[in-house]
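Okay, thanks everyone, I'll keep this short. Have a look at the model on the screen, and then I'll walk you through the parts I picked out.

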Amino acid sequence: MPTVDFTLRWADDTEQRCQSPSTAIEPYLAEGASYPHEELLRRTRDGLTAASDRVVEVYGMACTAAAAQLEAIERAARPGLVTVTRLRRAPTRIRFPAPERLSGHYEVVIVGGGQAGLAVSHCLLERGVRHVVLERDRVLHNWRDARWDAFSLVTPNWQCALPGHPYAGDDPDGFMVKDEILAYVEPYAQGKPVYEGVTVHAVRPGFEVETSHGTLTADQVVLAVGGYHVPRAPDLGLPGIHSAAYRNPHALPDGPVLVVGTGQSGAQIAEDLHLAGREVHLAVGTAPRVARFYRGRDCVAWLQDMGHYDMPVTEHPQGKGARHEANHYVTGRGGGHDLDLRAFARERMHLHGRLTHVEDGTLHFAGDLQQNLDAADATMERIKDAIDRHIAANAIDAPTEPRYTPVWRPLTDGSGTLEATEISTIVWATGFTPSWSFVHLPEAFDADGHPEHLRGVTAVDGLYFIGLPWLHTWGSGRFAGIARDAEHLAEAIGARAARPQAA
Ligand SMILES: Cc1cc2nc3c(=O)[nH]c(=O)nc-3n(C[C@H](O)[C@H](O)[C@H](O)COP(=O)(O)OP(=O)(O)OC[C@H]3O[C@@H](n4cnc5c(N)ncnc54)[C@H](O)[C@@H]3O)c2cc1C
């Protein structure tokens, strides 16, 4: 049974390391959240009791460890705010253990064992290219550990098309929930040359690959470390967690919650909290939105037929700028529906403009709420216009449908302030900062430090990127486009491997 390690930082800055004998504690505490000490005691008591009950259920005997842990927490308790600085499932099962020391030479080293790294591995295995995949955590770590409990795909299941591993379930138009996604992706790692628990600390010219388990050399290196590296959240001295650490409404401290940001994560987390009956303040940003369904079909299905997902970034109206745009917000939850922030406001969610700054415990919001809501709706309607044109041009028999009319309008411009004391915690859905400092090959980056490449192939002979948003097409950073990109890189890798190299 997986245990959960968690660390508490009491108000006097002392830290206490704790353990729960089962994951049943997870709904009661959130990593990064701060709780008044009485609430923390109540939550750990309830959480450890639930964990102990789970042990009884599974093993038929009471768990003394949970009771001893609770006693230790009660003894250490100090008045004031307590922060859960760490909360992690102890790794139960490393399925692909690495030898204690790694060394030697490989044709190809793939850094990262997410869907992108495994997809490249699949394509290299087909071509007989000798390689290894190095994963610092467990394979597919982000799908397992960095999504909230009620997470479901935003993209329909038929877009889950890993090379050699298409979606084979009975609901291609549905949206898999977290456990279903894992059941789909986990078998994909089988039979691939993966080492888990190996962190790549540096990639140097040559190539020299310095890892937590020793240094390897390689002819070619694929960087498959995803596009979402370091959670971005300002340190304002206020209780809060990043969206990557958010799990469920119950794990957050009692009281009103402020969600900052309305990209895909922010809008879905705001809905998750709202559906659980939590009082939610939402700082609305500039992310666009898209309707789930229009004229009888999922908009993703229309866009697929319209060739949108085949458009290379070089033909995108914003060019490489598309790589830095927020995703359109919509959800696959419960079979899929629109995320209409105005409808949430009608149901008493408090909408504000963008959060601009915090001063002396006061949060300040910009006066751009109306503008941001209107712009998101306008994008949604423009996409519908394009679908209408496609239907007309191809004489498709599709039902008609009335266009969206706003169901709520703000009475103010959304500017104003909120005292930090009026909310119990903040969920920062403010994205991620890239971190490429481990790659000591400056020719692979532009002047702003962003990866510089053509379909993942860099100016450094034998160095590649994969899995980044809009690396080549819309689907490059998602399930939808990874097969095409992995095939392309495997071709390039195979061709270079076959080329005689300078001594
Ligand atoms: C909230 C959210 C919702 C999403 N929803 C969808 C969706 O509905 N549909 C869809 O198709 N896509 C979705 N995506 C996008 C995408 O599918 C995921 O981001 C996917 O995880 C990308 O796979 P990847 O392999 O490129 O990167 P990752 O999954 O990030 O994998 C990279 C791996 O590299 C490892 N790693 C990093 N650094 C090192 C190092 N130095 N050494 C060794 N290993 C390292 C990491 O531990 C990780 O396992 C979503 C993304 C997010 C964040």
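**Ligand shell, domains and a small sheet**

So, the shell around the ligand: by class, its residues come out as twelve nonpolar, 14 polar and four charged. Keep in mind that this is a predicted model. There are 30 residues around the ligand, and the ones that come nearest are Gly-112, Gly-114, Gly-226, Gly-467 and Arg-478.

Which helix gives the most to that shell? That's H3, with three residues. H3 covers 115–127, and other elements that supply at least two residues each include strand E6 at 131–135, helix H6 at 264–275 and helix H10 at 479–498.

Now zoom out to the domains. The assignment has domain 1 at 4–89, domain 2 in two pieces, 105–229 and 435–498, and domain 3 at 232–432. Taken over C-alpha atoms, the centres of domain 2 and domain 3 are 28 Å apart. Where those two meet, 23 residues of domain 2 are in contact with 24 of domain 3. On the domain 2 side, that's twelve nonpolar, nine polar and two charged residues.

Last stop, a sheet. It's an open one, three strands in the order E20-E21-E22, paired antiparallel. E20 (355–359) and E22 (416–419) each have a single partner strand, so one side of each has no neighbour in the sheet. On average, neighbouring strands here are turned by 25 degrees against each other, ignoring direction. If you look at E20 and E21, the latter being residues 362–365, you'll find four bridges joining them. For Val-358, the bridge partner in E21 is Leu-363.

Happy to go back to any of these views.

Key
Residues numbered from 1 in each chain as written. Predicted model: local features only at pLDDT ≥ 70, side-chain atom pairs only at ≥ 80, totals over all residues. Near = placed C-beta within 6 Å. Nonpolar A, V, L, I, M, F, W, Y, C, P; charged D, E, K, R; others polar. Pairing = 2+ DSSP bridges. Axes fitted to C-alpha atoms, helices over the stretch in contact; angles between N-to-C directions. Domains from an automatic or database assignment. Contact = placed C-beta atoms within 7 Å.
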